[in-house]
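Work through the exercises below with the model open beside you. Try each task before reading its solution.

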Amino acid sequence: MTFDKKSLDDTTLLDLYKRMLKPRLIEEKMLILLRQGKISKWFSGIGQEAISVGVTSTMHDEEYILPMHRNLGVFTTRQIPLHRLFSQWQGKANGFTKGRDRSFHFGTQEYKIVGMISHLGPQFGVADGIALASKLKSKNQVTTVFTGDGGTSEGDIHEALNVASVWQLPVLFCIENNGYGLSTPTSEQYNCKDLADRAIGYGMESHIIDGNNILEVYHKLSEITESVRQNPRPILIEFKTFRMRGHEEASGTKYVPQDLMDFWAKKDPIENYQEFLKNEGVLTEEEEVKIKATIVNEINEHLDTAYAEIPIVSNETKELDDVYQSFDYKDIRKNSNTKELRLVDAISEGLKQSMERHEDLVIMGQDVAEYGGVFKITDGFVKQFGKDRVRNTPICESAIIETAMGLSIAGIKSIVELQFSDFVTSGFNPVVNYLAKSHYRWNQNADVVLRMPCGAGVAAGPFHSQTNEAWFTKTPGLKVVYPAFPYDAKGLLATAINDPNPVLFFEHKALYRSLRQEVPTDYFTIPFGKAATLKTGNDITIIAYGAAVHWALNTLDKHPNISADVIDLRSLQPLDTATIYASVNKTGKAIILQEDSLFGGIASDISALIMEHCFEALDAPVKRVASMDTPIPFINQLEDQYLSRDKFEGELLKLLEY
Ligand SMILES: Cc1ncc(C[n+]2csc(CCOP(=O)(O)OP(=O)(O)O)c2C)c(N)n1
């Protein structure tokens, strides 16, 4: 191995050595602790230290790094006190996740590190968001993100590379090609010569770097980072290296041919560099011993600190409190001037007023810019707010939802318009695993609103008609809002945007242009978790949301003698259980009307809650009326049969008779 120190002085040369030694010596200690059963799992980066250390050493402290599970050198080079890392791995409070997540699955704003979620690929899209924020704020900063060769096969990675190139985002995408996924060799992972070649397809610059040569990594990255700061753009870097230990310690390396192991053992990044420093007269034997002893002492002292820390004491309230970031709701109501608006206009007006109010707020979605979105809700927005804030996206829901997460990490609110709520499946992982869990895991909120045009009645078939709220009401960490009227839609959307938590905002397509209501012209808010009681009566409680509210009201119009409470839930998470219970305790009967198919829908949970909390007041079993348990069909006669709409009247009359 040859090293070229160029103009680096001895102090820098030695610093790089010490920085690589630290993660190596920590790992050696961890392997002992693992054998003693004192830590649960270990993902080794032995042999790959030059990459983490070399890259991090060229980054400024205020620039974000998004590492993976073999990048201990990123954490140590950023000088996180070791006892905090040890506490993290032992699941203690002085770690970064309060015992809620393990190993390197954490982030820290203090050290500008955004750790991985297990799913690997989403990191690239999150890096896009952080880099977009830096570009929008003209900060001239680089964001660096890592993945392994295995991770590059994930769709998220391709989506994120494409977005970064289309938007010219200042991201360094670093692939550590260490020969294997878990046990899968690269020959079974991809079919091109070098992963760096993929950059050609994205219209992106790329480099191949010897990942075991610290000076090559440091020199090249120093040049690249500086160049990207001056001229923001994405760059793909493939580091050639090798994984010297098992995927995690328990899985071993039996499947790796011995000659390959021997070849790479000779290329150890630390031993070779140490040899070079000695030959150059920069490091003596005595200094080597001293440096190692100093690091070992530091490790032992910090381990003692971590061991001395008391274990986490579980506390249900504390756990529940951290699922969402606290939100100081402000009730805003200015004037009483109103205008008759359709649902679609109310949403558009609310959105526009929020864009005026939050000057950084960004909207992203397919065709949302000049075209105004397929439902024309953002029509004219580009002219008023510019293309930086109203962004057409490629067709890649995962990367854009991840980008929204990255924007939030960098302090920018965003709204993502899903063209149809059905397409959220293509970005499902970042919604339920990244947005939903980040606050609970490491205190990082996802200040994102996903706008979800949904629902049936438009004969659009299985992929343009679903109402898929139940996929999300089930996931702690998300808020789910589902207005039925223009007034509510405008006020609730304003609240969704103010709320720092991830909110799924459902907009029923069949109501967009079929419904009119007087709506205040000024900006106003409506709180989440407060249902609206649209009619009051004594005989039965009708609970609904979205289009189903109108189906219930239309049915009552046909039966003026029925005395019913009609509750429009408006938000499903949080759910206004107090209003539901008070009503059922009064009427003694409850019927829940839901547009979604029956099994596993939110009507089932509401029914169970009523049974558990109002059993003694009930005069009849709680009834759920929902659509058929089939996919939603296309032609009218099948859609009509599928929907719960026309079944409601019969079930209501039956329950009243009970
Ligand atoms: C979506 C997903 N699928 C599978 C896994 C299980 N898994 C975790 S790491 C890994 C191998 C990753 O290989 P690579 O990206 O090359 O990184 P390396 O571990 O070699 O550094 C696998 C299969 C996962 N975490 N997430």
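**Exercise 1: Contacts of the ligand**

Task: In this predicted model, find how far a backbone N or O atom of Asp-149 lies from an oxygen atom of the ligand, then look for other backbone contacts.

Solution. Step 1: the distance between a backbone N or O atom of Asp-149 and an oxygen atom of the ligand is 3.2 Å. A polar contact is a pair of N or O atoms within 3.5 Å, and the pair at Asp-149 lies 3.2 Å apart.

Step 2: a polar backbone atom of Gly-151 is 2.8 Å from an oxygen atom of the ligand.

Step 3: at Ser-118, a backbone N or O atom lies 2.7 Å from a nitrogen atom of the ligand. On its own the ligand has 580 Å² of accessible area, and the protein covers 69% of that.

**Exercise 2: The surroundings of the ligand**

Task: State how many residues surround the ligand, how the shell divides by residue class, and in which pocket the ligand sits.

Solution. Step 1: the ligand is surrounded by 13 residues. The closest are His-69, Arg-70, Ser-118, Gly-150 and Gly-151.

Step 2: sort the shell by class. Two of its residues are nonpolar, nine are polar and two are charged. Glycine is counted as polar in this sorting.

Step 3: the ligand sits in the largest pocket.

**Exercise 3: The whole protein**

Task: Describe the fold by its elements and its dimensions, and compare its radius of gyration with that of a compact globule.

Solution. Step 1: the protein contains 25 helices and 19 strands.

Step 2: its C-alpha trace spans about 100 × 55 × 45 Å along the principal axes.

Step 3: a compact globule of 658 residues would have a radius of gyration near 26 Å, and the protein has 28 Å, so the two agree.

**Exercise 4: Unusual backbone geometry**

Task: Locate Pro-574 and Ser-103, and describe the backbone there.

Solution. Step 1: recall that most residues other than glycine have a negative phi, and most peptide bonds are trans.

Step 2: Pro-574 is in the loop between strand E17 (571-573) and helix H22 (577-587). The peptide bond from Gln-573 to Pro-574 is cis, with omega near 5°.

Step 3: Ser-103 is in the loop between helix H4 (82-89) and helix H5 (122-136). Although Ser-103 is not a glycine, its phi is positive, about 35°.

How values were computed:
Residues numbered from 1 in each chain as written. Predicted model: local features only at pLDDT ≥ 70, side-chain atom pairs only at ≥ 80, totals over all residues. Heavy atoms only, no water. Near = heavy atom within 4 Å. Polar contact = N/O pair within 3.5 Å; in protein donor to acceptor, adjacent residues only side chain to side chain. Areas by Shrake-Rupley, 256 points an atom, 1.4 Å probe, with all protein chains shown as cover. 1 Å grid on protein atoms, 1.4 Å probe; cavity = no way out; pocket = protein on both sides within 12 Å on 5 of 7 lines; lining within 4 Å. Sits in = over half its atoms within 2 Å of the grid points. Helix = DSSP H or I, 4+ residues; strand = E, 2+ residues; numbered from the N terminus. Rg over C-alpha atoms; globule rule 2.2 N^0.38 Å.
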